[in-house]
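Dear colleague,

I am passing on the structure that we talked about, and below it I have written out what I found when I went through it. Please keep it open beside you while you read.

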Amino acid sequence: MKQKQLEQYIKQYNKGFCDTSNYCFSLFAEAKRLKKCKKDMFDRDTYLHPAAKKAWKKMKKAAKKTGIKLKIISAFRSYDYQKQLIQNKLDKGLSIDDILKVNTLPGYSEHHTGCAIDIGAKNEAILEEEFDQSEAFYWLQQNAENFGFFMSYPKNNSTGISYEPWHWCYRK
Ligand SMILES: [Zn+2]
């Protein structure tokens, strides 16, 4: 899908939630190819883009050699999954404005690409800023780049998304 088509599609897709005309986050196309990975921390099936899976396996192995056990908290997420996530919160009575402070609309999550992983480690904070105090985070900072993984949302980033030390994305 071309960028213009994607924009139109996403606009239509989010019609029930809000008008995306002034929504300024980047759009991400859904991964066309995915490979099943090991189950995540919550025993759910996970999927990554084939290249990202390969790089993740290598990185995990290297970390393990130093005693750090990296785990997937969340990997690929489809548009439909993101839509359902938001719908569930609306059903609980939250407002769309409040929901969008912590979740992106379908189409705007880097997780759609199959290359982004929320990373956790044994006995460390899950999806909390405190994860940046962990040995695992320190290791990622030193080594992730060598495997093609980059932190998408460092402190004071310009994307409008808050600091996420757990969110890393594979870039070829
Ligand atoms: Zn993430």
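In this predicted model, α2 has 16 residues, which at 1.5 Å a residue should span 22 Å, and its end C-alpha atoms are 23 Å apart, so the expected and computed values agree. The buried residues of this helix are Ala52, Lys53, Ala55, Trp56, Met59 and Ala63, and because they cover an arc of only 165 degrees around the axis, they sit on the same side of α2. If you turn to the face of α2 that points away from the buried side, you will find the exposed residues Pro50, Lys61, Lys64 and Lys65. Just after the helix comes Gly67, which takes a positive phi of about 90 degrees.

What does the largest nonpolar core consist of? It has 28 residues, of which Ala55, Met59, Ile117, Phe149 and Trp168 touch the most other members. At least two residues of this core come from each of α2 (50–65), β3 (70–74), β4 (116–121), α5 (135–143), β5 (149–151) and β6 (167–170), and the largest share, 5 residues, is supplied by α2. As background, nonpolar side chains in soluble globular proteins tend to be buried together. To follow one core member in particular, look at Ala55, which, leaving aside its neighbours within four places in sequence, is in contact with Phe147, Gly148, Phe149 and Tyr170.

The helix α5 can be read in a similar way. Its residues Ala136, Phe137 and Leu140 are buried, and seen down the helix axis the buried residues of α5 fall within an arc of 95 degrees, so they line one face of the helix. These buried residues pack against β3, β4 and β6, whereas Tyr138, Gln141 and Gln142, on the other side of α5, are exposed.

Stepping back to the whole protein, the secondary structure comes to 5 helices and 6 strands, and from the N terminus on the elements run α-β-β-α-β-α-α-β-α-β-β. The C-alpha atoms fill a box of roughly 50 × 30 × 30 Å, taken along the principal axes. For 172 residues, a compact globule would have a radius of gyration near 16 Å, and the protein has 16 Å, which agrees. Of the 172 residues, 33% count as buried, and among contacts between residues at least 6 apart in sequence, 64% join residues at least 24 apart.

With best wishes

Technical notes. Residues numbered from 1 in each chain as written. Predicted model: local features only at pLDDT ≥ 70, side-chain atom pairs only at ≥ 80, totals over all residues. Core = buried A, V, L, I, M, F, W, Y, C linked by C-beta atoms within 7 Å. Buried ≥ 20, exposed ≤ 12 C-beta atoms within 10 Å, placed from the backbone. Helix = DSSP H or I, 4+ residues; strand = E, 2+ residues; numbered from the N terminus. Contact = placed C-beta atoms within 7 Å. Arc of directions from axis to C-beta. Rg over C-alpha atoms; globule rule 2.2 N^0.38 Å. Expected span 1.5 Å × (residues − 1).
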